[in-house]
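Student: I'm new to this one, and I'd like a close look at a single part. Could you walk me through a pocket?

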Amino acid sequence: MAGRNIVHKLTAWAARAIHRKGFGVQSPWAYELVRDVFFEQLPYYAFKELKEQTRSMNTKNKNIRHNEQLFRIAHYLHPSSIVEINDGCPAGLLYLAAPHSDIPYTLITHSEPPTQFKNAFRGKVITGNHLTTLQSLFTQDSPVGILHICDTNEAESIYDWAVKNTDDNSVIILENLARNAVLWKKIISDERAIITFDFSKWGMIVFDKKRVKQNYLL
């Protein structure tokens with residue numbers, strides 16, 4: 001059994017390493033995302049300021065590489081809106097919100113975020129139940145743009161509701177895949193989740209029905 005687990009981990013690691021270089025990614029659209037968005041190496045103008053802002057929030061910049069990926073995703077997609085559900089430190093939302101000033105940003109949380117965050121954040125902070133607050137924000141006429149599901153005990157019920165309010169341009173980013181392993185497995189099998197990108201610690205779901213269903217290990 002231990003030997004099988006080792007083989008499985010090595011196989012997954014090899015697949016991730018290959019896909020991160022773009023090899024084996026047949027779709028030109030997915031290839032562009034992998035090479036020019038997810039793993040782009042050039043820094044953006046805003047990174048220095050964002051790094052200072054998150055340092056002041058005592059995050060120790062543990063997730064700076066991932067936060068920069070969030071910035072690149074939002075910059076590339078230019079979504080209609082961004083909503084983050086997070087009872088932890090919402091430093092990543094500052095990166096998501098930075099590329100575009102013309103769309104609404106919302107943090108849904110059970111508790112007040114750090115003062116440093118509120119001073120830097122241009123969007124709305126709503127304190128309340130995660131799911132019911134989310135339900136009040138979106139309808140079929142205003143589908144999900146980017147939904148960032150972070151520190152919450154309601155991840156599955158949030159996904160189950162949100163997936164019904166998506167369109168071809170909607171994206172859901174799910175953090176903590178180890179904690180949400182059962183949910184992530186369910187999402188990969190969900191026919192409505194057309195493209196899934198598995199980064200081991202977090203995942204991204206695309207609902208564009210023009211694409212062919214595929215799960216990429218990255």
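Student: How many residues line the second largest pocket, and which lie nearest its centre?

Tutor: Happy to. This is a predicted model, where local features need pLDDT of at least 70, side-chain atom pairs count only at pLDDT 80 or more, and totals for chains, interfaces and linings use all residues. Residues are numbered from 1 along each chain as its sequence is written, and side-chain values use heavy atoms, with hydrogens and water left out.

Now the pocket, meaning an open set of points on a 1 Å grid over the protein atoms alone where a 1.4 Å probe fits, with protein on both sides within 12 Å along at least five of seven lines. Its lining takes in 18 residues (each with an atom within 4 Å of a point), and Leu 77, Asp 168, Asn 169, Ser 170 and Val 171 lie nearest the centre. By kind, the lining splits into 10 nonpolar, five polar (Gly counts here) and three charged residues (Asp, Glu, Lys or Arg). The volume, the space filled by probe spheres set on the points, is about 260 Å³.

Which elements help build the lining? Helix 2 (28-38), helix 4 (64-77) and strand 7 (203-206) each give at least two residues; helices here are DSSP runs of H or I with at least four residues, strands runs of E with at least two.

Look at helix 2 for a moment. Trp 29, Ala 30, Leu 33, Val 34, Val 37 and Phe 38 are its buried residues (under 20% relative accessible area, 1.4 Å probe, protein chains only). They sit on the same side of helix 2, because they cover an arc of only 135° around the axis, taken from the directions to the C-beta atoms.

Key: Buried < 20%, exposed > 50% of the residue type's maximum accessible area, 1.4 Å probe, protein only.
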